[in-house]
Amino acid sequence: MSSTEATVAAPAPADVSIAAIFTEFLLIGATSFGGVVPYLRGRLVVKRRWLDDRDFVEMLSMSQSLPGLNATNMAVLLGDRLRGGMGSLVAILGICLPGAVLLYAVGTVFREHVEIPWFSAALKGVAAAAVGLVLFTVMQLSKKSLDGRIDLVFIGLTVIAVNHFHLSVLWALLGVGFIAILWHRPRKAKPVTGAVAK
Amino acid sequence: MNQIPALVRVFAYLSLLTVGGGMAAFPELQYLTVDVHQWLTQPQLIHLYSIGQMAPGPNMMMIVPIGDWAAGALGAVVVLVAFFGPTALLTFGVGRLWKRLEAWPWRDAIQRGLAPVSIGLLLAGCFTMAKGAIFGRETAAIAAAVLMILLQYKINPALLIAASAVIGALTLE
């Protein structure tokens with residue numbers, strides 16, 4: 001199993017224009033009903049092939065470990081990877097703009113809470129669908145970015161830590177993450193050549 | 001009274017609490033905006049929260065109307081910059097640093113170790129969501145149907161969400 005790392009390297013992102021990054025993130029910002037992460041993966045990994053699942057999960061790990069929303073942290077990291085600082089800027093602007101404008105509009109119209117039964121009912125439908133959507137994304141990511149069965153144990157431990165012991169995300173990351181990192185620690189067996197072939 | 005400095009302070013502070021998602025900051029958001037500064041009432045906050053959940057994009061855009069109500073359109077912009085600016089810069093910096101550590105042997109270990117934890121966090125969030133969202137047969141059927149369809153067909157999930165909203169409006173009232 002200790003074959004070369006290079007085979008799973010991401011397809012080098014071709015020259016992606018600033019306009020293309022902005023448009024893509026604007027589109028995600030405008031359509032990502034039920035949570036952003038599934039749409040980021042669907043558009044950027046599956047459709048555009050700007051990065052692969054492994055890179056996606058790496059960026060997701062970083063986004064979750066740092067303060068800030070996953071959606072905007074992912075936009076910053078992906079934008080930087082594709083086109084540097086300018087890429088980051090247009091990515092975060094794009095993903096925020098539609099929702100911000102929408103909520104601004106809603107805020108100017110509805111200052112008071114009005115109970116609209118069909119709206120709350122629709123919201124319940126959306127919430128239920130979002131559960132299915134996130135489950136799907138979890139399955140796809142697990143298939144493509146894990147290193148064997150032991151990682152399923154780490155997934156399980158994380159879920160138990162958060163859902164059963166109600167640890168905050170930060171503590172789950174530190175605790176389970178620490179064990180998992182030790183498990184995957186650099187082995188001395190094969191002297192790894194530092195830089196992987198680009 | 002000029003609320004702008006207070007908006008900057010509150011939302012920059014709140015942004016630092018959002019490790020692992022916006023909801024981590026919600027209790028403090030409620031305390032500071034409703035109790036301390038009284039920019040809005042508790043029912044208004046819940047109202048914004050539920051609309052925010054329905055909206056696309058990052059799930060904390062409910063802060064925009066809070067800024068607007070406290071200090072007008074400028075308040076809305078200020079809140080956005082204060083909430084997203086500092087964490088964006090931090091992430092940008094850490095991302096760059098991470099790239100420069102490419103030759104560090106532990107970098108790969110950290111990456112491999114955190115991957116399952118990340119996926120676990122997504123799954124844990126999903127279960128938490130399910131606790132509130134799945135009640136009775138209809139909602140369970142919606143969640144299961146969405147999962148099955150996505151596994152089977154290449155389809156834009158937004159369509160499934162929209163369809164679920166319609167089904168919800170028709171059957172869950």
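Me: Contact means that heavy atoms lie within 4.5 Å of each other. Among contacts in chain B between residues at least 6 apart in sequence, what percentage join residues at least 24 apart?

Reply: This is a predicted model, and every value below is to be read with that in mind. In chain B, 46% of the contacts between residues at least 6 apart in sequence join residues at least 24 apart. For chain A, residues 24 or more positions apart account for 61% of the contacts with a separation of 6 or more.

Me: How many helices and strands does each chain have?

Reply: Chain A has seven helices and zero strands, and chain B likewise has seven helices and zero strands. Along the sequence, chain A reads α-α-α-α-α-α-α, and chain B reads α-α-α-α-α-α-α. The radius of gyration of chain B is 20 Å, well over the 16 Å that the globule rule gives for 173 residues, so chain B is more spread out than a compact globule. Along its principal axes, the C-alpha trace of chain B spans about 55 × 55 × 25 Å.

Me: What percentage of the residues counts as buried in each chain, and how much surface does each chain expose?

Reply: A residue is called buried when its relative accessible area is under 20% and exposed when that area is over 50%. By this criterion 49% of the 198 residues in chain A are buried, and 51% of the 173 residues of chain B. Chain A exposes about 9,800 Å², with carbon and sulfur atoms supplying 69% of it. The accessible surface of chain B is about 8,000 Å², and 67% of that belongs to carbon and sulfur atoms.

Me: How should one read a single helix, such as α1 of chain A?

Reply: One begins with its length. Helix α1 of chain A covers residues 18-31, and its 14 residues should span 20 Å at 1.5 Å a residue; the end C-alpha atoms are 20 Å apart, which agrees. One then asks which way the residues point. An α-helix has 3.6 residues a turn, so residues three or four places apart point the same way. The buried residues of α1(A) are I21(A), E24(A), F25(A), I28(A) and G29(A). Seen down the helix axis, these buried residues fall within an arc of 135 degrees, so they line one face of α1(A). Their cover includes α2 (36-47) and α4 (70-109) of chain A.

Me: Which residues does the glycine G132(A) contact, beyond its neighbours within four places in sequence?

Reply: G132(A) lies in helix α5 (residues 117-145) of chain A and counts as buried, at 0% relative accessibility. Apart from those neighbours, G132(A) is in contact with A143(B), V146(B) and L147(B). Sequence separation and spatial distance may also be set side by side: G132(A) and G34(A) are 98 residues apart in sequence and 9.8 Å apart in space, C-alpha to C-alpha.

Me: Where does S164(B) lie, and what does its side chain reach?

Reply: S164(B) lies in helix α7 (residues 157-171) of chain B. The relative accessible area of S164(B) is 4%, and the residue is therefore buried. Its side chain reaches the backbone oxygen of L160(B) at 2.7 Å. Leaving out residues up to four places away in sequence, S164(B) touches G125(A), V126(A) and A129(A), together with I142(B) and V146(B).

Me: Is the acidic residue D68(B) buried or exposed?

Reply: D68(B) has a relative accessible area of 9% and is therefore buried. This residue belongs to helix α4 (residues 63-100) of chain B. With residues up to four places away in sequence set aside, D68(B) touches Y104(A) and T108(A), as well as A73(B), G75(B) and A76(B).

Me: Which backbone angle is worth inspecting in the loops?

Reply: Phi is a suitable choice. Most residues other than glycine have a negative phi. R49(A) has a positive phi of about 55 degrees although it is not a glycine. R49(A) is found in the loop between α2 and α3 (53-65) of chain A, and is exposed, with a relative accessible area of 60%.

Me: What is the phi of Q38(B), and where does that residue lie?

Reply: Phi of Q38(B) is near 50 degrees, a positive value in a residue other than glycine. Q38(B) lies in the loop between α2 (26-36) and α3 (42-54) of chain B. At 61% relative accessibility, Q38(B) counts as exposed.

Methods:
Residues are numbered from 1 along each chain as its sequence is written. Chains are lettered from A and ligands numbered from 1 in the order in which they are written. This is a predicted model: local features need pLDDT of at least 70, side-chain atom pairs count only at pLDDT 80 or more; totals for chains, interfaces and linings use all residues. Side-chain values use heavy atoms; hydrogens and water are left out. Helices (H or I, at least four residues) and strands (E, at least two) are DSSP runs, numbered from the N terminus. The expected span of a helix is 1.5 Å times one less than its number of residues. Buried means under 20% relative accessible area, exposed over 50%, partly exposed in between (1.4 Å probe, protein chains only). The arc is that of the directions from the helix axis to the C-beta atoms. A polar contact is a pair of N or O atoms within 3.5 Å; within protein, one must be able to donate a hydrogen and the other to accept it, and residues adjacent in sequence count only if both atoms are side-chain atoms. The radius of gyration is taken over C-alpha atoms; the globule rule is 2.2 Å times the number of residues to the power 0.38. Accessible areas come from the Shrake-Rupley method with a 1.4 Å probe; for residues, only the protein chains shown count as cover.
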